[in-house]
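Reader: Please take a close look at the strand pairing in this model and at the contacts that tie the sheet to its surroundings. I would welcome one connected account, with the criteria stated where they apply.

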Amino acid sequence: MTFNDIFKSNFLENVASVTILDMVLALVLAFMVGVFIFLVYKKTFKGVMYSGSFGVTLIALTMITTLVILAVTSNIVLSLGMVGALSIVRFRTAIKEPLDIAFLFWSIAAGIVLAAGLIPLAVFGSVVIGIVLIVFTSKNSYDNPFIMVIKLNSPAVESEVDTLLKHAVKNSSIKSKTVTNHLVELNYDVRLKNNDTSFVNTLAQRDGVDDVILVSYNGEYAG
């Protein structure tokens with residue numbers, strides 16, 4: 001192989017396969033759409049602890065996907081190699097919020113559509129998805145669940161506490177009961193009336209009640 005043969009390789013021929021204008025336009029649009037996705041994520045976040053790094057990841061993921069798809073669409077051989085390379089990548093970060101998965105797929109889909117040149121579809125689709133997420137996450141279609149732990153030093157007041165609790169909350173159901181040396185611990189799943197927690201003070205002042213704890217939860221975590 002001579003020196004001239006090296007410069008005739010397919011590697012150098014692919015340099016001009018994507019123009020500078022296409023690259024700049026695609027990455028700028030990907031950045032703008034990624035920022036929009038980030039703002040929607042920040043607006044609709046309902047978890048315990050907000051992660052700013054995840055929001056930045058959504059922007060970067062949109063731009064990275066656009067970059068990869070631009071390379072794939074410019075060379076059919078490269079697309080086959082890219083599929084093989086990406087197939088060995090494994091991500092083991094746990095996603096605790098189901099809605100976060102939607103944002104990840106949204107970022108990837110927006111990057112793919114932008115790199116394919118379907119700019120109106122990417123922009124219009126992102127706006128519609130953002131509006132839908134904001135509308136549906138801003139409305140609570142369910143009552144916030146709470147766990148109530150009541151510790152009694154006298155089993156005789158158990159029925160009285162249970163009756164008082166049922167009148168104070170919208171709905172309650174006992175989940176567990178523990179009895180140890182005349183001490184009773186009751187765990188209830190409750191739904192509040194208008195987020196009123198004054199009944200907790202009333203229960204704590206009753207004779208025979210040691211402690212009353214009210215904790216909100218959403219299925220997997222407390223907070």
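Author: Strands β2 and β3 (residues 183–191) run antiparallel and are joined by nine bridges; strands here are DSSP runs of E with at least two residues, helices are runs of H or I with at least four residues, and both are numbered from the N terminus. Two strands count as paired if DSSP finds at least two bridges between them. The model is a predicted one, in which local features need pLDDT of at least 70 and side-chain atom pairs count only at pLDDT 80 or more, while totals for chains, interfaces and linings use all residues. Residues are numbered from 1 along each chain as its sequence is written, and side-chain values use heavy atoms, with hydrogens and water left out.

Within the pairing of β2 and β3, Lys177 has Leu186 of β3 as its bridge partner. The hairpin that these strands form has two residues between them, and Asn181 takes a positive phi near 50 degrees there.

The hairpin belongs to an open sheet of four strands, in the order β2-β3-β1-β4, with antiparallel pairing. β2 and β4 stand at the edges with a single partner strand each, so one side of each has no neighbour in the sheet. On average, neighbouring strands are turned by 15 degrees against each other, direction ignored. At the β4 edge, seven bridges join β4 to strand β1 (residues 145–152), and the two run antiparallel. One of the pairs here is Met148 with its bridge partner Leu214 in β4.

Lys177 also takes part in a charged contact. Side chains of opposite charge can pair when their charged atoms come close. The structure holds three salt bridges, a salt bridge being a side-chain nitrogen of Lys or Arg within 4 Å of a carboxyl oxygen of Asp or Glu. In one of them, Glu158 pairs with Lys177, with the closest N and O atoms 3.0 Å apart. This contact links distant parts of the chain, since Glu158 is in helix α8 (residues 158–168) and Lys177 in strand β2 (residues 171–180), 19 residues apart. Lys177 is partly exposed, with a relative accessible area of 45%; buried means under 20%, exposed over 50%, and partly exposed in between, for a 1.4 Å probe and protein chains only.

Helix α8 contributes to another of these contacts. Arg206 forms a salt bridge with Glu160, and the closest N and O atoms are 1.9 Å apart. Arg206 lies in the loop between α9 (198–204) and β4 (209–216), whereas Glu160 is in helix α8, so the pair ties together parts that are 46 residues apart in sequence. Both partners are partly exposed: Arg206 has a relative accessible area of 33%, and Glu160 has one of 39%.

A further salt bridge joins Arg191 to Asp189, with 2.6 Å between the closest N and O atoms. Arg191 counts as partly exposed at 21% relative accessibility, whereas Asp189 counts as buried at 10%.

The helices offer a second kind of packing. Helix α6 (residues 98–115) and α3 pack at an angle of about 165 degrees, with their axes 10 Å apart. That makes the two roughly antiparallel, a term for angles over 145 degrees; axes are lines fitted to C-alpha atoms, for helices over the stretch in contact, and angles run from 0 to 180 degrees between N-to-C directions. Buried residues of α3 include Leu29, Val33, Ile37 and Tyr41.

Terms used: Parallel < 35°, antiparallel > 145°, perpendicular 65-115°, else oblique.
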